[in-house]
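Me: I've got a structure open and I'd like to learn how to read it. Could you walk me through a few features?

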Amino acid sequence: MLIRLSQPTLSQREKDLVNEVLDSGLLVQGLKVRDLEESFARYCGTQFAIAVNNGTAALHTALAVAEIGVGDEVITTPFTFVATANSILMQGAKVVFADIEKETFNIDPEEVERKITAKTKAILAVDLYGHPADYLKLRELTKKHNLILIEDAAQAHGAECCGVRTGNLADISCFSLYATKNMMCAEGGIITTNNEKFSELSRRFRHHGQSETRYEYNDLGYNYRLTDIQAAIAIGQLEMLEKYTQRRIHNAKLYSNLLNGVQGIATPVTKSEVKHVFHQYTITCDNLSVKRDNLRDYLKKQQIESGVYYAKPLHLHSHFRKFGYQVGDFLVSENIANRVLSLPVHPLISDRDIETICTHICNFSKGLD
Ligand SMILES: *Cc1c(COP(=O)(O)O)cnc(C)c1O
(Lines give C-alpha, C1' and ligand atoms only; values in the text may rest on other atoms or scores of the structure.)
Protein backbone atom coordinates (compact mmCIF):
# COMPACT_ATOMS: atom_id res chain seq x y z
CA MET A 1 0.00 0.00 0.00
CA LEU A 2 1.12 3.51 -0.84
CA ILE A 3 2.55 5.43 2.10
CA ARG A 4 1.45 9.02 1.59
CA LEU A 5 3.50 12.10 2.37
CA SER A 6 0.57 13.85 3.96
CA GLN A 7 -2.95 12.92 4.99
CA PRO A 8 -5.69 14.94 6.70
CA THR A 9 -6.53 13.81 10.24
CA LEU A 10 -10.29 14.33 10.48
CA SER A 11 -12.69 12.79 12.97
CA GLN A 12 -16.41 12.76 13.74
CA ARG A 13 -15.87 15.91 15.84
CA GLU A 14 -15.17 18.07 12.75
CA LYS A 15 -18.20 16.59 10.98
CA ASP A 16 -20.43 17.40 13.99
CA LEU A 17 -19.11 20.96 14.13
CA VAL A 18 -19.69 21.46 10.40
CA ASN A 19 -23.23 20.11 10.75
CA GLU A 20 -23.90 22.63 13.53
CA VAL A 21 -23.04 25.38 11.08
CA LEU A 22 -25.14 23.92 8.26
CA ASP A 23 -28.12 23.48 10.60
CA SER A 24 -27.76 27.00 11.99
CA GLY A 25 -28.09 28.63 8.58
CA LEU A 26 -25.30 31.08 9.53
CA LEU A 27 -22.65 30.06 7.03
CA VAL A 28 -20.63 33.26 7.11
CA GLN A 29 -19.82 35.81 9.80
CA GLY A 30 -21.46 33.61 12.39
CA LEU A 31 -20.17 32.28 15.68
CA LYS A 32 -17.59 29.72 14.56
CA VAL A 33 -15.14 32.23 13.09
CA ARG A 34 -15.24 34.13 16.41
CA ASP A 35 -14.82 30.90 18.39
CA LEU A 36 -11.83 29.92 16.27
CA GLU A 37 -10.22 33.35 16.68
CA GLU A 38 -10.69 33.31 20.45
CA SER A 39 -9.37 29.80 20.94
CA PHE A 40 -6.44 30.27 18.58
CA ALA A 41 -5.39 33.53 20.29
CA ARG A 42 -5.60 31.73 23.65
CA TYR A 43 -3.54 28.85 22.27
CA CYS A 44 -0.80 31.18 20.97
CA GLY A 45 -0.94 33.39 24.04
CA THR A 46 -1.69 36.49 21.99
CA GLN A 47 -4.32 39.16 22.55
CA PHE A 48 -5.75 38.97 19.04
CA ALA A 49 -6.35 36.47 16.24
CA ILE A 50 -8.03 37.31 12.93
CA ALA A 51 -9.18 34.50 10.61
CA VAL A 52 -8.89 34.88 6.84
CA ASN A 53 -9.48 32.59 3.87
CA ASN A 54 -5.92 31.36 3.32
CA GLY A 55 -2.33 31.76 4.48
CA THR A 56 -1.36 33.97 1.56
CA ALA A 57 -4.20 36.34 2.48
CA ALA A 58 -2.87 36.33 6.07
CA LEU A 59 0.58 37.36 4.80
CA HIS A 60 -0.82 40.03 2.49
CA THR A 61 -2.94 41.42 5.34
CA ALA A 62 0.06 41.48 7.71
CA LEU A 63 2.19 43.41 5.19
CA ALA A 64 -0.67 45.83 4.49
CA VAL A 65 -1.50 46.64 8.13
CA ALA A 66 2.22 47.10 8.83
CA GLU A 67 1.93 49.83 6.16
CA ILE A 68 4.51 48.31 3.88
CA GLY A 69 4.25 49.73 0.38
CA VAL A 70 5.97 51.12 -2.68
CA GLY A 71 9.58 52.15 -1.96
CA ASP A 72 9.92 49.89 1.09
CA GLU A 73 12.19 46.86 1.31
CA VAL A 74 11.32 43.65 3.15
CA ILE A 75 14.03 41.09 3.91
CA THR A 76 13.03 37.43 3.63
CA THR A 77 14.38 33.97 2.81
CA PRO A 78 14.69 32.60 -0.73
CA PHE A 79 14.16 29.07 0.64
CA THR A 80 10.39 29.11 1.19
CA PHE A 81 7.04 28.73 -0.54
CA VAL A 82 6.47 31.45 -3.15
CA ALA A 83 3.58 32.99 -1.16
CA THR A 84 6.02 34.41 1.40
CA ALA A 85 7.74 36.63 -1.17
CA ASN A 86 4.61 37.26 -3.26
CA SER A 87 2.91 38.91 -0.28
CA ILE A 88 5.66 41.57 -0.36
CA LEU A 89 5.09 42.13 -4.08
CA MET A 90 1.33 42.40 -3.51
CA GLN A 91 2.03 45.57 -1.53
CA GLY A 92 4.35 46.92 -4.22
CA ALA A 93 7.41 46.64 -1.96
CA LYS A 94 10.82 45.24 -2.86
CA VAL A 95 11.75 41.65 -1.98
CA VAL A 96 15.28 41.51 -0.54
CA PHE A 97 16.50 37.96 -0.02
CA ALA A 98 19.01 36.92 2.65
CA ASP A 99 20.58 33.46 2.70
CA ILE A 100 19.75 30.70 5.20
CA GLU A 101 21.53 28.95 8.07
CA LYS A 102 23.24 25.66 7.19
CA GLU A 103 21.67 23.77 10.12
CA THR A 104 18.01 24.82 10.22
CA PHE A 105 17.57 26.22 6.67
CA ASN A 106 15.89 29.25 8.25
CA ILE A 107 16.90 32.83 7.45
CA ASP A 108 20.36 33.67 8.82
CA PRO A 109 20.27 36.80 11.05
CA GLU A 110 23.85 37.70 10.08
CA GLU A 111 22.90 37.68 6.40
CA VAL A 112 19.81 39.74 7.25
CA GLU A 113 21.89 42.41 8.97
CA ARG A 114 24.07 42.76 5.88
CA LYS A 115 20.96 43.49 3.78
CA ILE A 116 19.50 46.25 5.96
CA THR A 117 19.35 49.66 4.24
CA ALA A 118 17.61 52.97 4.94
CA LYS A 119 14.63 51.61 2.98
CA THR A 120 14.24 48.39 4.98
CA LYS A 121 10.88 48.35 6.74
CA ALA A 122 10.42 44.76 7.91
CA ILE A 123 11.90 41.30 8.27
CA LEU A 124 9.65 38.45 7.17
CA ALA A 125 10.94 35.21 8.73
CA VAL A 126 9.64 31.72 7.97
CA ASP A 127 9.50 28.82 10.46
CA LEU A 128 10.54 26.28 7.86
CA TYR A 129 9.33 22.68 8.25
CA GLY A 130 8.01 23.60 11.74
CA HIS A 131 11.32 24.84 13.22
CA PRO A 132 11.00 28.48 14.40
CA ALA A 133 13.49 30.99 12.98
CA ASP A 134 16.04 32.60 15.32
CA TYR A 135 13.70 35.15 16.91
CA LEU A 136 16.20 36.15 19.62
CA LYS A 137 18.66 37.47 17.08
CA LEU A 138 16.00 38.74 14.67
CA ARG A 139 14.37 40.70 17.51
CA GLU A 140 17.72 42.32 18.37
CA LEU A 141 18.00 43.45 14.75
CA THR A 142 14.48 44.84 14.53
CA LYS A 143 15.00 46.76 17.79
CA LYS A 144 18.35 48.13 16.71
CA HIS A 145 17.14 49.22 13.26
CA ASN A 146 13.52 50.03 14.18
CA LEU A 147 11.94 47.43 11.87
CA ILE A 148 8.75 45.41 12.00
CA LEU A 149 9.14 41.67 12.57
CA ILE A 150 6.67 39.48 10.70
CA GLU A 151 6.44 35.71 11.14
CA ASP A 152 5.34 33.28 8.44
CA ALA A 153 4.28 30.42 10.72
CA ALA A 154 2.32 28.61 7.98
CA GLN A 155 4.22 25.40 8.80
CA ALA A 156 4.64 25.84 12.54
CA HIS A 157 1.37 25.77 14.55
CA GLY A 158 2.30 25.12 18.19
CA ALA A 159 6.09 25.33 17.73
CA GLU A 160 8.08 27.26 20.35
CA CYS A 161 11.20 29.39 20.66
CA CYS A 162 12.49 29.89 24.25
CA GLY A 163 9.17 28.63 25.62
CA VAL A 164 7.09 31.10 23.60
CA ARG A 165 4.72 29.77 20.96
CA THR A 166 4.73 30.78 17.31
CA GLY A 167 2.18 33.48 16.70
CA ASN A 168 3.62 35.33 19.72
CA LEU A 169 7.24 35.67 18.56
CA ALA A 170 6.92 38.64 16.20
CA ASP A 171 4.92 41.86 15.85
CA ILE A 172 2.46 40.06 13.63
CA SER A 173 2.28 36.36 12.64
CA CYS A 174 0.60 34.46 9.84
CA PHE A 175 -0.66 30.89 9.75
CA SER A 176 -2.04 28.77 6.93
CA LEU A 177 -4.85 26.26 7.42
CA TYR A 178 -4.32 24.65 4.01
CA ALA A 179 -5.17 20.93 3.74
CA THR A 180 -1.60 19.66 4.26
CA LYS A 181 -0.66 21.87 7.23
CA ASN A 182 -0.38 20.68 10.85
CA MET A 183 -3.80 22.20 11.54
CA MET A 184 -6.15 22.72 8.62
CA CYS A 185 -9.61 23.40 7.24
CA ALA A 186 -8.97 22.72 3.51
CA GLU A 187 -8.24 26.42 2.86
CA GLY A 188 -7.85 29.02 5.58
CA GLY A 189 -5.49 31.34 7.42
CA ILE A 190 -5.06 33.23 10.70
CA ILE A 191 -3.18 36.35 11.75
CA THR A 192 -2.09 36.77 15.38
CA THR A 193 -0.78 39.88 17.11
CA ASN A 194 -0.67 41.74 20.41
CA ASN A 195 -1.01 45.06 18.59
CA GLU A 196 -4.59 46.36 18.76
CA LYS A 197 -4.14 48.64 15.75
CA PHE A 198 -2.83 45.76 13.58
CA SER A 199 -5.76 43.65 14.76
CA GLU A 200 -8.39 46.29 13.92
CA LEU A 201 -6.83 47.05 10.54
CA SER A 202 -6.67 43.33 9.72
CA ARG A 203 -10.40 42.95 10.41
CA ARG A 204 -11.09 45.78 8.02
CA PHE A 205 -8.63 44.61 5.38
CA ARG A 206 -10.27 41.20 5.09
CA HIS A 207 -13.66 42.85 4.51
CA HIS A 208 -13.06 45.51 1.82
CA GLY A 209 -11.68 47.98 4.33
CA GLN A 210 -15.08 48.35 5.95
CA SER A 211 -15.14 49.48 9.58
CA GLU A 212 -16.85 46.91 11.80
CA THR A 213 -19.55 49.27 13.02
CA ARG A 214 -20.99 50.69 9.80
CA TYR A 215 -20.57 50.95 6.05
CA GLU A 216 -17.57 53.25 6.22
CA TYR A 217 -14.59 52.71 3.96
CA ASN A 218 -11.29 54.35 4.89
CA ASP A 219 -8.81 52.20 2.97
CA LEU A 220 -8.57 49.59 0.25
CA GLY A 221 -9.44 46.10 1.45
CA TYR A 222 -10.14 42.70 -0.05
CA ASN A 223 -12.58 39.84 0.40
CA TYR A 224 -10.40 37.62 2.58
CA ARG A 225 -13.22 36.31 4.82
CA LEU A 226 -13.24 32.75 6.18
CA THR A 227 -16.55 30.85 6.19
CA ASP A 228 -18.01 29.35 9.36
CA ILE A 229 -17.96 25.93 7.69
CA GLN A 230 -14.19 26.11 7.46
CA ALA A 231 -13.83 27.68 10.92
CA ALA A 232 -15.80 24.71 12.32
CA ILE A 233 -13.26 22.27 10.87
CA ALA A 234 -10.38 24.36 12.21
CA ILE A 235 -11.91 24.39 15.73
CA GLY A 236 -11.96 20.58 15.73
CA GLN A 237 -8.39 20.53 14.45
CA LEU A 238 -7.19 22.93 17.15
CA GLU A 239 -8.68 20.68 19.84
CA MET A 240 -6.48 17.84 18.54
CA LEU A 241 -3.40 19.89 17.66
CA GLU A 242 -1.33 19.05 20.75
CA LYS A 243 -2.02 15.33 20.36
CA TYR A 244 -1.17 15.33 16.66
CA THR A 245 1.95 17.40 17.29
CA GLN A 246 3.12 14.88 19.90
CA ARG A 247 2.66 12.16 17.29
CA ARG A 248 4.73 14.11 14.74
CA ILE A 249 7.51 14.59 17.31
CA HIS A 250 7.38 10.87 18.16
CA ASN A 251 7.61 9.97 14.46
CA ALA A 252 10.56 12.32 13.94
CA LYS A 253 12.43 10.81 16.92
CA LEU A 254 11.88 7.32 15.56
CA TYR A 255 13.21 8.36 12.13
CA SER A 256 16.27 10.04 13.62
CA ASN A 257 17.09 7.00 15.78
CA LEU A 258 16.75 4.61 12.85
CA LEU A 259 18.64 6.82 10.38
CA ASN A 260 21.41 7.73 12.81
CA GLY A 261 24.75 6.80 11.23
CA VAL A 262 23.35 5.90 7.81
CA GLN A 263 26.04 6.79 5.29
CA GLY A 264 25.25 9.77 3.04
CA ILE A 265 22.29 11.09 5.02
CA ALA A 266 21.95 13.79 7.67
CA THR A 267 18.89 13.94 9.95
CA PRO A 268 17.24 17.29 10.81
CA VAL A 269 18.72 19.54 13.50
CA THR A 270 16.60 21.03 16.30
CA LYS A 271 18.15 23.95 18.18
CA SER A 272 18.13 23.53 21.96
CA GLU A 273 15.84 26.53 22.63
CA VAL A 274 13.25 25.35 20.11
CA LYS A 275 10.22 23.07 20.01
CA HIS A 276 10.10 21.70 16.45
CA VAL A 277 6.64 20.54 15.33
CA PHE A 278 7.79 18.67 12.20
CA HIS A 279 5.42 19.88 9.53
CA GLN A 280 8.07 18.13 7.44
CA TYR A 281 10.71 15.62 8.51
CA THR A 282 13.49 16.54 6.10
CA ILE A 283 16.73 14.63 5.63
CA THR A 284 19.72 16.02 3.72
CA CYS A 285 21.50 13.73 1.23
CA ASP A 286 25.22 14.24 0.54
CA ASN A 287 24.60 13.66 -3.22
CA LEU A 288 27.81 11.58 -3.28
CA SER A 289 27.04 8.17 -1.77
CA VAL A 290 23.31 8.98 -1.63
CA LYS A 291 21.89 10.99 -4.52
CA ARG A 292 18.66 12.74 -3.52
CA ASP A 293 16.78 12.28 -6.78
CA ASN A 294 17.78 8.61 -7.05
CA LEU A 295 16.69 7.95 -3.47
CA ARG A 296 13.39 9.67 -4.22
CA ASP A 297 12.81 7.48 -7.30
CA TYR A 298 13.78 4.38 -5.34
CA LEU A 299 11.30 5.16 -2.54
CA LYS A 300 8.60 5.80 -5.11
CA LYS A 301 9.14 2.30 -6.52
CA GLN A 302 8.64 0.97 -2.98
CA GLN A 303 5.27 2.82 -2.83
CA ILE A 304 6.66 5.50 -0.51
CA GLU A 305 5.89 9.16 -1.25
CA SER A 306 8.46 11.81 -0.43
CA GLY A 307 8.68 15.53 -1.14
CA VAL A 308 11.23 18.16 -2.14
CA TYR A 309 10.71 21.50 -0.40
CA TYR A 310 12.01 23.36 -2.28
CA ALA A 311 13.62 22.13 -5.51
CA LYS A 312 14.71 25.65 -6.49
CA PRO A 313 15.21 28.69 -4.25
CA LEU A 314 12.92 31.58 -5.17
CA HIS A 315 15.65 33.86 -6.55
CA LEU A 316 16.35 31.37 -9.37
CA HIS A 317 12.77 31.42 -10.71
CA SER A 318 12.21 33.79 -13.66
CA HIS A 319 9.57 35.58 -11.56
CA PHE A 320 12.33 36.85 -9.22
CA ARG A 321 15.26 36.84 -11.65
CA LYS A 322 13.50 39.81 -13.23
CA PHE A 323 14.70 41.77 -10.18
CA GLY A 324 18.33 40.99 -11.01
CA TYR A 325 19.01 37.88 -8.95
CA GLN A 326 21.25 35.17 -10.39
CA VAL A 327 22.94 31.84 -9.72
CA GLY A 328 25.51 32.12 -6.95
CA ASP A 329 23.68 34.85 -5.00
CA PHE A 330 22.60 32.54 -2.15
CA LEU A 331 24.95 29.59 -2.03
CA VAL A 332 23.55 27.85 1.04
CA SER A 333 20.00 27.88 -0.37
CA GLU A 334 21.19 26.72 -3.79
CA ASN A 335 23.19 23.88 -2.27
CA ILE A 336 20.47 22.73 0.12
CA ALA A 337 17.74 22.81 -2.55
CA ASN A 338 19.53 19.96 -4.36
CA ARG A 339 19.86 17.82 -1.27
CA VAL A 340 16.69 17.93 0.86
CA LEU A 341 14.11 15.16 0.96
CA SER A 342 11.00 15.20 3.17
CA LEU A 343 9.67 11.85 4.43
CA PRO A 344 6.09 11.06 5.59
CA VAL A 345 5.80 12.23 9.22
CA HIS A 346 2.05 12.94 9.52
CA PRO A 347 0.17 11.72 12.63
CA LEU A 348 -1.49 8.76 10.89
CA ILE A 349 1.71 6.98 9.85
CA SER A 350 2.56 3.90 11.96
CA ASP A 351 5.88 3.02 13.62
CA ARG A 352 6.00 0.01 11.31
CA ASP A 353 5.73 2.19 8.21
CA ILE A 354 8.56 4.37 9.47
CA GLU A 355 10.67 1.25 10.15
CA THR A 356 9.96 0.05 6.60
CA ILE A 357 10.92 3.41 5.10
CA CYS A 358 14.17 3.51 7.11
CA THR A 359 15.07 -0.04 6.07
CA HIS A 360 14.66 0.95 2.42
CA ILE A 361 16.80 4.06 2.94
CA CYS A 362 19.50 1.96 4.69
CA ASN A 363 19.51 -0.55 1.84
CA PHE A 364 19.74 2.21 -0.71
CA SER A 365 22.63 3.83 1.15
CA LYS A 366 24.49 0.51 1.28
CA GLY A 367 23.89 -0.06 -2.42
CA LEU A 368 21.71 -3.12 -1.70
CA ASP A 369 18.78 -1.89 -3.80
C1 LIG B 1 1.46 27.02 2.92
C2 LIG B 1 2.37 28.18 3.05
C3 LIG B 1 1.95 29.49 2.76
C4 LIG B 1 0.64 29.84 2.09
O5 LIG B 1 -0.48 29.38 2.65
P6 LIG B 1 -1.81 29.14 1.77
O7 LIG B 1 -2.82 28.83 2.82
O8 LIG B 1 -1.53 27.99 0.86
O9 LIG B 1 -2.10 30.39 1.04
C10 LIG B 1 2.83 30.53 3.00
N11 LIG B 1 4.07 30.31 3.47
C12 LIG B 1 4.52 29.07 3.73
C13 LIG B 1 5.89 28.90 4.27
C14 LIG B 1 3.68 27.97 3.51
O15 LIG B 1 4.16 26.73 3.76
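Reply: Sure! Let's begin with helix axes: an axis is a line fitted to C-alpha atoms, for helices over the stretch in contact, and angles run from 0 to 180 degrees between N-to-C directions. Keep in mind that this is a predicted model. Here the axes of helix 8 and helix 12 (residues 351-366) come within 10 Å and cross at roughly 30 degrees.

Me: What does that angle make helix 8 relative to helix 12?

Reply: Angles under 35 degrees count as roughly parallel. So helix 8 is roughly parallel to helix 12, and the crossing is right-handed.

Me: Which residues make the contact?

Reply: On helix 8, look for Arg247, His250, Asn251, Leu254, Tyr255, Leu258 and Leu259; on helix 12, they are Asp351, Ile354, Glu355, Ile357, Cys358 and Ile361. Sorted by type, the contact has 8 nonpolar, 2 polar and 3 charged residues.

Me: Now the sheet. In what order do its strands run?

Reply: You read a sheet by asking who sits beside whom. This open sheet has 3 strands in the order 10-12-13, with antiparallel pairing. Strand 10 (265-266) and strand 13 (340-343) each have a single partner strand, so they stand at the edges, with one side lacking a neighbour in the sheet. Helix 8 (residues 228-259) packs on the sheet, where it touches strand 12 and strand 13.

Me: And Thr9: buried or exposed?

Reply: Buried means under 20% relative accessible area. Thr9 has 8% relative accessibility, so it counts as buried. You'll find Thr9 in the segment before helix 1 (12-24), and among the residues it touches are Gln237 and Tyr244.

How values were computed
Residues numbered from 1 in each chain as written. Predicted model: local features only at pLDDT ≥ 70, side-chain atom pairs only at ≥ 80, totals over all residues. Heavy atoms only, no water. Pairing = 2+ DSSP bridges. Helix = DSSP H or I, 4+ residues; strand = E, 2+ residues; numbered from the N terminus. Contact = heavy atoms within 4.5 Å. Buried < 20%, exposed > 50% of the residue type's maximum accessible area, 1.4 Å probe, protein only. Parallel < 35°, antiparallel > 145°, perpendicular 65-115°, else oblique. Left-handed = near helix turned anticlockwise from the far one by under 90°. Nonpolar A, V, L, I, M, F, W, Y, C, P; charged D, E, K, R; others polar. Lists of a residue's contacts leave out its neighbours within four places in sequence.
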